[in-house]
Amino acid sequence: MKLNGKVAIITGGSRGIGFATAKRFLEEGAAVVITASSEASAAKGAEKLRDLFPEGRIGGIAPDLSSLSSLQEAFNKVKEEYGKIDILVNNAGASDSTPFLSYTEELFDKLMNLNVKGVFNASRAVADIMVEQGSGVILSTSSMVSISGQPSGIAYPTSKFAVNGFTISLARELGPKGIRVNAVAPGITETDMMKSVPKNLIDPLIAKVPLRRLGQPEDIANAFLFLASDDASYISGVILSVDGMSRT
């Protein structure tokens, strides 16, 4: 088992890519704590995981990702209960496609606060714990648009460009302390939100992907598993594209 005995926190772990990543980590022997936007969502997600893994060590929490103190308190409780934190996956985030001339300051701030400040706060909260341990892995969900941009919804690619810069820089700073920092940049992935998009809009997207299919949450989860495991022990500061080469 690639993560046997490890303890992982996955933000935004109650559905989609985060939930698939929680499943893969549990399959590989990790204890997993997921976060969600509410206590009810966190409890529901954790219960679904327990149904799949009755013997697994699974928790659900709902700290405020916009508050460093909230995350520090929550993560310290996880450490007290589980003894350590080996892996953080910063997966919580939101996307947007509002045209620039319709953008508001409030909408821009909302996306940046969740997609960038949330990553900073969670990483900062876990860093003290990992530095004390002398080891750890911090992973974040970026996006293919952090490489290619997108024609509308300016805050989303801007936030993911920021995640890339954060990842590369933090890897340089925390590497000497035994902590690896990487990100995964998914392409078009068949999450619940994508399943509601009409077929006539999906087919042209698939046609642009050389592998001729949408990504699955499990594709992204496998990338997170690799980067979290000792198989990637000499990999840090990398933005790993998992997009079927769908960049345009």
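**Exercise 1. A helix residue and its distant partners**

Leaving aside neighbours within four places in sequence, which residues is alanine 171 in contact with?

*Solution.* This is a predicted model. Start with the location: alanine 171 belongs to helix H6, residues 155-174. Next, list the partners. Beyond four places in sequence, alanine 171 is in contact with Val181, Ser236 and Gly237. Now take one of those partners and check the backbone. Glycine 237 is 66 residues from alanine 171 along the chain, yet their C-alpha atoms are separated by 5.0 Å. Last, check the exposure. The relative accessible area of alanine 171 is 9%, and buried means under 20%, so alanine 171 is buried.

**Exercise 2. The overall build**

State how many helices and strands the protein has, and compare its radius of gyration with the globule rule.

*Solution.* Count the elements: there are nine helices and seven strands. Then take the radius of gyration, which is 17 Å. The globule rule gives 18 Å for 248 residues. The two values are close, so the protein is as compact as a globular protein of that length. For the extents, use the principal axes: the C-alpha trace spans about 50 × 40 × 35 Å. Buried residues make up 46% of the 248. Finally, look at the contacts with a separation of 6 or more: 74% of them come from residues 24 or more positions apart.

**Exercise 3. The nonpolar cores**

Find the residues with the most contacts inside the largest nonpolar core, and name the elements that give two or more residues to this core.

*Solution.* Begin with the core itself. The largest nonpolar core has 27 residues, and Phe25, Val32, Ile87 and Phe224 have the most contacts inside it. Two or more residues each come from strand S1 (7-10), helix H1 (16-27), S2, helix H2 (39-52), strand S4 (87-90), strand S5 (136-141) and helix H9 (217-228). H9 gives the largest share, six residues.

Zoom in on valine 32. Beyond four places in sequence, valine 32 is in contact with Ala8, Ile10, Ala22, Phe25, Leu26, Arg57, Ile58 and Gly59. Apart from the largest core lies another, of 25 residues, with Ile9, Leu65, Ala74 and Leu170 among them. As background, nonpolar side chains in soluble globular proteins tend to be buried together.

**Exercise 4. A threonine in a strand**

Is threonine 35 buried or exposed?

*Solution.* Place the residue: threonine 35 is in strand S2, residues 31-35. Read its relative accessible area, 2%. The limit for buried is under 20%, so threonine 35 is buried. Then list its contacts, not counting residues up to four places away in sequence. Threonine 35 touches Ile9, Ile10, Thr11, Gly12, Gly13, Ser14, Ile61 and Pro63.

**Exercise 5. Charged pairs**

How many salt bridges does a search of the whole structure find?

*Solution.* The search finds nine. As background, side chains of opposite charge can pair when their charged atoms come close. Work through three of the bridges.

- Glutamate 73 and lysine 77 meet at 3.5 Å, N to O. They are four residues apart in helix H3 (residues 68-82), so about one helical turn separates them. Glutamate 73 is partly exposed at 48%.
- Aspartate 128 and arginine 124 meet at 3.2 Å, N to O. They are four residues apart in helix H4 (residues 105-133), so about one helical turn separates them. Aspartate 128 is partly exposed at 45%, and arginine 124 is partly exposed at 33%.
- Arginine 213 and aspartate 219 meet at 3.0 Å, N to O. Arginine 213 is partly exposed at 41%, and aspartate 219 is partly exposed at 24%.

One network remains to be noted: salt bridges with shared partners join Arg24, Glu27 and Glu28.

**Exercise 6. Rings**

Which ring does the charged end of lysine 48 sit over?

*Solution.* The ring belongs to phenylalanine 19, and the charged end of lysine 48 lies 4.7 Å from its centre. Then search the whole structure for aromatic pairs: the count is zero.

**Exercise 7. A loop lysine**

Where is lysine 208 placed?

*Solution.* Lysine 208 is in the loop between helix H8 (199-207) and H9. Its relative accessible area is 54%, and exposed means over 50%, so lysine 208 is exposed. Glycine 244 is 36 residues from lysine 208 along the chain, and their C-alpha atoms are separated by 9.5 Å.

Key: Residues numbered from 1 in each chain as written. Predicted model: local features only at pLDDT ≥ 70, side-chain atom pairs only at ≥ 80, totals over all residues. Heavy atoms only, no water. Buried < 20%, exposed > 50% of the residue type's maximum accessible area, 1.4 Å probe, protein only. Contact = heavy atoms within 4.5 Å. Phe/Tyr/Trp six-rings, centres within 6.5 Å; stacked < 30°, edge-to-face > 60°. Lys NZ or Arg CZ within 6 Å of the ring centre and 35° of its normal. Salt bridge = Lys/Arg side-chain N within 4 Å of Asp/Glu carboxyl O. Core = buried A, V, L, I, M, F, W, Y, C linked by side-chain atoms within 4.5 Å. Rg over C-alpha atoms; globule rule 2.2 N^0.38 Å.
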